[in-house]
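Biologist: Pick one stretch of this model and walk me through it slowly, from the loop that leads in to the helices that pack around it. Give me the cut-offs as you go, and then show me how the aromatic rings are arranged.

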Amino acid sequence: MSYMVNSKYREKDNEFLFLLQKVETQGEFVKVRKRALERLTTEVMQLHDILPKILNYDILENLQKLDAVETIVERKDIEVEQLRMDCEHYKARLEAAQADCMKERKSKAIKFFSIAGQTMESFVRSLSEDIKQQDMDSDESQFVLGLAGIVTNVAALACGREFLVNSNQVLLDTMMQLLGDMKLGCCTKLKVLMLMSLYNVSINVKGLKYISESPGFFPLLWWLLNDPDPEICLHVLRLLQSVILEPDVLTKSAPEIRDSLPLPRIHMLSKSRNADLQILARELLEDLKILESEI
């Protein structure tokens, strides 16, 4: 005896398909043996009994919670993406504002350093013939020293050196000129600050090339080496060492250094009682020996 089964069961179970024998197609139905159908019926009934035990209330509840969590996660992903887009928008606005701010600050900085150079120049020009009686503790003197200190601090920063070299070469020229205008043994603090500024600028290769190629730069250094103040001599040697330790600059400046280098004065400073000055002068003499072929 055979039973008719709808064809939707034909692909449902591989084992059931294996048991099919002598299949006779009749439209949308197939003919199977009673034993195979009974076995399939038994398995379906077993699943009917087992599934409620597996799919109990807790699992169904957890599935519902999972659906709710997935919905929340999807909503949060949308919110995070929106926040990311907002962040990118505000970041772009911030960068634009910073660029405008830097541009504005550069316009004002150029004016400030121009005024600073003019003020220092006016101060030096106003010094009396008897410099020793000049009151370096006066408000005017302290103001000028403050301006020179600002220039030194700016030159101590990489971006500051770049700014001075590219936009304030006049100020560098002014400081070198004023160093030559002030008498030896006078205005030590102002000279030291100017020399420190030039040394900081010399850390920038472009800045070193600019000041070393300025007319009268090396004669200025040789003249300043005769200053009785050891601190001034110390900063002059540091500036000279910057030139010697930069091969490209030294190669170009070698003839001028060779013809005018005051070796006796440097040897004298290498025996100074000032320990820092003595060490630096000896280091410079060693550097000169190493680069003797250049100069």
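Modeller: Helices here are DSSP runs of H or I with at least four residues, strands are runs of E with at least two, and both are numbered from the N terminus. This is a predicted model, where local features need pLDDT of at least 70 and side-chain atom pairs count only at pLDDT 80 or more, while totals for chains, interfaces and linings use all residues. Residues are numbered from 1 along each chain as its sequence is written, and side-chain values use heavy atoms, with hydrogens and water left out.

For orientation, the protein chain has 13 helices and two strands. Of its 295 residues, 34% are buried (under 20% relative accessible area with a 1.4 Å probe, protein chains only; exposed is over 50%, and partly exposed is in between). Take the contacts (heavy atoms within 4.5 Å) between residues at least 6 apart in sequence: 67% of them join residues at least 24 apart.

Let's start at the loop. Cys187 sits between helix 6 and helix 7, and its phi is near 50°, a positive value in a residue that isn't glycine. Cys187 counts as buried because its relative accessibility is 7%.

Now the helices on either side of that loop. Helix 6 covers residues 169–181 and helix 7 covers residues 188–202; their axes come within 10 Å and cross at roughly 135°. Those axes are lines fitted to C-alpha atoms, for helices over the stretch in contact, and the angles run from 0 to 180 degrees between N-to-C directions. That makes helix 6 oblique to helix 7 (under 35 degrees is roughly parallel, over 145 roughly antiparallel, 65 to 115 roughly perpendicular, and the rest oblique). The crossing of helix 6 and helix 7 is left-handed (the near helix is turned anticlockwise from the far one by less than a right angle; clockwise would be right-handed).

Side by side, helix 6 brings Leu172, Met175, Met176, Leu178 and Leu179, and helix 7 answers with Lys191, Met194, Leu195, Ser197, Leu198 and Val201. By type, that contact has nine nonpolar residues, one polar and one charged (nonpolar is Ala, Val, Leu, Ile, Met, Phe, Trp, Tyr, Cys and Pro; charged is Asp, Glu, Lys and Arg; polar is the others, Gly among them).

Lys191 in helix 7 deserves a pause. Lys191 is a lysine that counts as buried, since its relative accessibility is 0%. Neighbours within four places in sequence aside, Lys191 touches Leu179, Met182, Lys183, Leu184, Gly185, Cys186, Asp227 and Ile232. Further along helix 7 comes Asn200, which is buried at 13% relative accessibility. With the same allowance for sequence neighbours, Asn200 contacts Thr152, Ala155, Ala156 and Arg161.

Helix 7 also packs against helix 10, at an angle of about 15° with the axes 9 Å apart. The two are therefore roughly parallel to each other, and helix 7 passes helix 10 in a left-handed crossing. From helix 7 the contact takes Thr188, Lys191, Val192, Leu195, Met196, Leu198, Tyr199 and Ser202, and from helix 10 it takes Glu231, Ile232, His235, Val236, Arg238, Leu239 and Ser242. Those residues divide into eight nonpolar, four polar and three charged.

Helix 10 (residues 230–244) has another partner, helix 9, with the axes 9 Å apart at about 145°; that crossing is left-handed too. Helix 9 contributes Phe217, Phe218, Leu221, Trp222 and Leu224, while helix 10 contributes Ile232, Cys233, Val236, Leu239, Leu240 and Val243. The tally there is 11 nonpolar, no polar and no charged.

That leaves the rings. The structure holds four aromatic pairs (ring centres of Phe, Tyr or the six-membered ring of Trp within 6.5 Å; planes under 30 degrees apart are stacked, over 60 edge-to-face, and the rest tilted). One of them joins Phe113 and Phe163, tilted at 50° between the planes and 6.0 Å centre to centre. Phe113 lies in helix 3 (residues 57–125) and Phe163 in helix 5 (residues 158–167), so this pair ties together parts 50 residues apart in sequence. Phe113 is buried at 5% relative accessible area, and Phe163 is buried at 15%. Phe218 and Trp222 form another tilted pair, with centres 6.0 Å apart and planes at 35°. They are four residues apart in helix 9 (residues 217–224), about one helical turn, and both are buried. Finally, Phe112, Phe113 and Phe163 make up one aromatic cluster.
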